[in-house]
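Dear colleague,

I am passing on the structure we spoke about, and below it you will find my notes on what came out of it. Please read them with the sequence and the model side by side.

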Amino acid sequence: MDIKTLKSFMAVAKHQSFSEAARELYTVQPAISRHISSLETELGVVLFNRTSREVTITPAGEQLLKDAAVILSLAEQAKTQVKRAHDGQVGTLNIAHLSSACLTFMATLVRSYKEKFPHVHVSLFEMTVTEQIEAFNNDRIDIGFSRPLPSAIADDFVSHSVYIDKLVAIVNQSHALADQQTIDLAQLKDDKFIIFNRDEAVGLFDETIMLCKQAGFSPNIISQPKHMQTLVTEVAAGLGVAIAPYCVRKLYSDGCHFMMLNNVSTHIPVHIQYKQTNNSATAAAFVAVALSATDDIQQSMAY
């Protein structure tokens, strides 16, 4: 019982005529007759009573007519769904992001994607770099917004730059330097330092230590939080000062003062990444939407 045979059957039932069914389907009457005979043989029933003057459907034929309509409808739906899946219009999409780095644009980006692909189910996950790598390894996420990946695994991913951040100094609003807009890093040499955990951002941690040494001191590290919001909160609480990407100002930072660092030009990239082996059309479509929005994202993160 194939789709072509069922279409022939439904056409005969509709017109109560083999010749009219043949005309509708742009074929010849013998072909229609073969289809009906084949169906009757396969099912072991008579589907139509035929006389020289008329063709009438049997009770068995009436039942098949109901089922055939459903089958053909499902077949058309399947073709549509396959095409939509091929075009990335249906399916699921799991996206991980660094909240501090993506807070300003993630909602707008996902909304733009959903306007184009309303039938894709999108799930967002706030994850650190380490958590994203683990999630990629376990196939729990399709796309990640993160810092550049470690060189040992970078070749396993496709990566595109979204925007470039820079490092700034963060002090409590009552700090002696809180009236300054720019400072030399050496001016913080006597402060206690809050530095983002090295396990979560090796490059950021090592860069901070190196910059302090270039400024002539080793930082007195009193805290290494694993979340940027914790780092900002500790600074606001007066526990110490911090060096962090400028994007963290978008977190809840009441009580903090941000200052540019003289003679520090370190670039802190944010990338959109997915595994080389990911052939998902939904992921490809989202990446295309994200890359088309990079100018707006970069403008929203401007200093």
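**Overall picture**

The protein chain exposes about 15,900 Å², and carbon and sulfur atoms supply 50% of that area. Please keep in mind throughout that this is a predicted model. Buried residues make up 46% of the 303 residues in the protein chain, and the secondary structure consists of twelve helices and twelve strands.

As for the overall form, the C-alpha atoms fill a box of roughly 105 × 35 × 30 Å when it is taken along the principal axes. The radius of gyration of the protein chain is 32 Å, whereas a compact globule of 303 residues would have a value near 19 Å. Among the contacts in the protein chain with a separation of 6 or more, 73% are accounted for by residues that lie 24 or more positions apart. With regard to charge, there are 25 positive and 31 negative charges in the protein chain, and the mean positions of the two sets are 7 Å apart.

**How the strands pair**

Strand β6, which covers residues 157–172, is a convenient place to begin with the strands. It runs antiparallel to strand β12 (residues 267–275), and nine bridges join the two; within this pairing, Lys166 stands opposite His267 of β12. β6 is also joined to strand β10 (residues 241–245), again in an antiparallel arrangement, by four bridges, and here Val168 has Ala244 of β10 as its bridge partner. A further antiparallel pairing links β6 with strand β11 (residues 256–261) over five bridges, with Ala169 standing opposite Met259 of β11.

Which way do β3 and strand β4 run relative to each other, parallel or antiparallel? Strand β3 (residues 91–97) and strand β4 (residues 120–126) run parallel, and seven bridges join them. β3 also pairs with strand β5 (residues 143–146) in the parallel sense, over three bridges. His97 takes part in both of these pairings, since it stands opposite Glu126 in β4 and has Phe145 as its bridge partner in β5. As a general point to bear in mind when looking at these strands, side chains in a regular strand alternate between the two faces of the sheet.

**Three residues in the helices**

Ile36 lies in helix α3, and because its relative accessibility is 0%, Ile36 counts as buried. If residues up to four places away in sequence are not counted, Ile36 touches Ser8, Phe9, Val12, Phe18, Phe48 and Arg50. One of these, Phe48, is twelve residues from Ile36 in sequence, and the C-alpha atoms of the two are 8.6 Å apart in space.

His35 is placed in helix α3 as well, which spans residues 29–43. Leaving aside neighbours within four places in sequence, His35 is in contact with Lys4, Thr5 and Ser8. The C-alpha atoms of His35 and Gly255 are separated by 80 Å, and these two residues are 220 residues apart along the chain.

Ile71 belongs to helix α4, which covers residues 59–86. Is Ile71 buried, partly exposed or exposed? Because its relative accessibility is 34%, which falls between the 20% limit for buried and the 50% limit for exposed, Ile71 counts as partly exposed. Once its neighbours within four places in sequence are left aside, Ile71 is in contact with Ile3 and Leu6. The C-alpha atoms of Ile71 and Ala284 are separated by 32 Å, with their positions 213 residues apart along the chain.

**Two residues with positive phi**

Most residues other than glycine have a negative phi, and the following two residues are therefore worth a look against that general rule. Gln16, in the loop between α1 (3–15) and α2 (18–24), has a positive phi near 50 degrees. Asp139 is not a glycine either, yet its phi is positive at about 55 degrees. Asp139 is found in the loop between α7 (129–137) and β5, and because its relative accessible area is 60%, Asp139 counts as exposed.

With kind regards

Notes: Residues are numbered from 1 along each chain as its sequence is written. This is a predicted model: local features need pLDDT of at least 70, side-chain atom pairs count only at pLDDT 80 or more; totals for chains, interfaces and linings use all residues. Side-chain values use heavy atoms; hydrogens and water are left out. The radius of gyration is taken over C-alpha atoms; the globule rule is 2.2 Å times the number of residues to the power 0.38. Buried means under 20% relative accessible area, exposed over 50%, partly exposed in between (1.4 Å probe, protein chains only). Contact means heavy atoms within 4.5 Å. Accessible areas come from the Shrake-Rupley method with a 1.4 Å probe; for residues, only the protein chains shown count as cover. Lys and Arg count as positive and Asp and Glu as negative; His and the chain ends are not counted. The place of a charge is taken as NZ of Lys, CZ of Arg, CG of Asp or CD of Glu. Two strands pair if DSSP finds at least two bridges between them.
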